[in-house]
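Biologist: Could you walk me through this one? I would like to start with a helix and then move on to the interior.

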Amino acid sequence: MSSTSTVAEQRSHLQLTRCTSFLLPQTPTSPSFIIDTKNKSYRHQYSNMYFTRLAMLKQPVMDRASAKWKDLPGKPVFVRRVLDVVKSQLCWIIGTVYMDMPLKPNVLEDLGRDYSIPPPPPREKFHSDEDSVMLEDESGRVKLVGERLHSTRLVTGVIIAALGMETASGDFEVVDICYPELAPFKEANLSGDDSMDVDDCSSSEDGYLAVISGLSMGDPSSGEAQIQMLVEYLTGEIGGPDDQKLASQVTRLIIAGNSFSRIWTDNGDEGNENRPRKFGSAAQAKFSTHPNVTLSAHLQDLASALPVHVLPGGDDPAGVILPQQPFPRAMFGKAAEFESFRCETNPVWMRIECDSKSKSAVKNGANSSTSSGHSVPLIRSVLVTSGQPVLDMYQYLPSPPSTHLSIACATLKWRHIAPTAPDTLWCHPFRERDPFVLGETPDLYIVGCMPEFSTQLVGGESKDGKRPRNCRVVLVPNFSETGCLVLVNLRTLAVRCVNFTVAGMAAGGTSSLEEQASDMQED
């Protein structure tokens, strides 16, 4: 028998059906980031966000601090207002961190700058040895000092409890710090299956969530060949039997920001390159329609095969303030005709039910669920961002020891995914709530548009002798630079990377004609 007929016979025996998953309604602890008509106003002061944030997180911090310091010698007392502390009395206070950083960009200095002098080159980092830490509440602020702060990495907007005493100079010397720590896992009681907490080997029947970011359509350096390989891989058009089987297990695709590339223009004026920009303003961008047409064609192919979710990013033609609102569906042409195509906010919460076999058995009139042990529907809470908060905080923290991964993990313990907003990160002036406060800890926390791939399990506390829940944090790199597709097993939370590379092209890392795959499981 010829090799051609052998391959044809193998493909004829491959009758694969794509695993499916279902989106569930959002809950009060995983709300929508859509800015409705009620909140679509810019008349409110940003100070309301800090007061609301402190009110929402004060009780969780108080509960943690009380349990942590209740048995300490000296019986520290809780002082409700930071300005009511008594000198030389051991106590603890709760407030919002404010980092006083001399190198941080200042809007007043920017307005008063002499524009006849070229500005200095932009800084990559804004921290220095002269930085100081303040803690403030509705009564005022106090300066925090002490050796404990040297080993603690804080950013503006974090809610903490500080244990210590006031010095003769009026500063508050800190001996310990307490954070809100992880919020409860809301999906634990819905699934009722302890086995899904184990990060074990993947099953051939498990569904995967595919994530990419940073396609950068329109950038001359973006790898169009890699993107075409990605589309054909997810639609099952390339690869051997094992590749096609894995592709059939992908239940949905998330594009986490920066689908387009920002193209700079000087409008024919060479002097514009050196013209200083006002504080916080971005350079003018010009977008060609060609990248949008190309991306729409790819999305049409993908949406015909599986559900696709598209988030805006920092380089996309979308509003820069967080939360970024969804793209208009009309800009994606025929891809918008599919119900499986969704334009999402940035950030976005998703509740995914991924026990497709049990649901199929019910629909087909089966008397019992499958014998694979997945009789109980598996529900995963997923939080996705396009990375702007992590990239912003990275500028104000020393590295090392801080990394993009450590910052992303810290936001879970702070219960806030964008603490530097609105200080150094643009956001909407919410008045009655702070939508970036975490009311629950997601099972999967995805951060897109990162320089490199990284992942870690962040564990909660065990209660009543039960195994603690874990949150899988995944940093998704720019596809145009790495050619990396991230696959997350929705049952085990194990992570698998598939790299697409083309010989002689810079994007995608190594030069190879073959697809490269690697399993990554941590902790």
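Modeller: In helix 9 (residues 388-395; helices are DSSP runs of H or I of at least four residues, strands are E runs of at least two, both numbered from the N terminus), the buried residues are Gln-388, Pro-389, Val-390, Asp-392 and Met-393, where buried means under 20% relative accessible area, with a 1.4 Å probe and protein chains only. This is a predicted model, in which local features need pLDDT of at least 70 and side-chain atom pairs count only at pLDDT 80 or more, while totals for chains, interfaces and linings use all residues. Residues are numbered from 1 along each chain as its sequence is written, and side-chain values use heavy atoms, with hydrogens and water left out.

Biologist: What covers the buried residues of helix 9?

Modeller: The cover includes helix 10 (404-414) and strand 14 (444-450), with contact meaning heavy atoms within 4.5 Å.

Biologist: And which residues touch the most other members in the largest nonpolar core?

Modeller: Among its 57 residues, those are Ile-93, Leu-144, Ile-160, Phe-172, Tyr-445 and Val-473; such a core is a set of buried Ala, Val, Leu, Ile, Met, Phe, Trp, Tyr and Cys residues joined through side-chain atoms within 4.5 Å. Helix 10 gives the most to this core, with seven residues. There is also a second, separate core, which has 34 residues and includes Leu-230, Ile-255, Ala-303 and Phe-332.

Biologist: Where does Leu-230 sit, in which helix?

Modeller: Leu-230 belongs to helix 5 (residues 224-234), where Gln-226, Ile-227, Met-229, Val-231, Tyr-233 and Leu-234 are buried as well. After helix 5 comes Gly-236, with a positive phi near 75°.

Biologist: Switching to cysteines, how many disulfides does the structure hold?

Modeller: It holds zero, taking a disulfide as a pair of cysteine sulfur atoms within 2.5 Å. Cys-19 is buried at 18% relative accessible area, and Cys-427 is buried at 1%.

Biologist: How many cavities of 30 Å³ or more turn up?

Modeller: A search of the whole structure gives four, a cavity being a set of points on a 1 Å grid over the protein atoms alone where a 1.4 Å probe fits but cannot get out. The second largest has a volume of about 60 Å³, meaning the space filled by probe spheres set on the points, which are joined across faces, edges and corners.

Biologist: Which residues line the second largest cavity?

Modeller: Its lining, meaning residues with an atom within 4 Å of a point, includes Met-99, Lys-104, Tyr-396 and Asp-423.

Note on methods
1 Å grid on protein atoms, 1.4 Å probe; cavity = no way out; pocket = protein on both sides within 12 Å on 5 of 7 lines; lining within 4 Å. Buried < 20%, exposed > 50% of the residue type's maximum accessible area, 1.4 Å probe, protein only.
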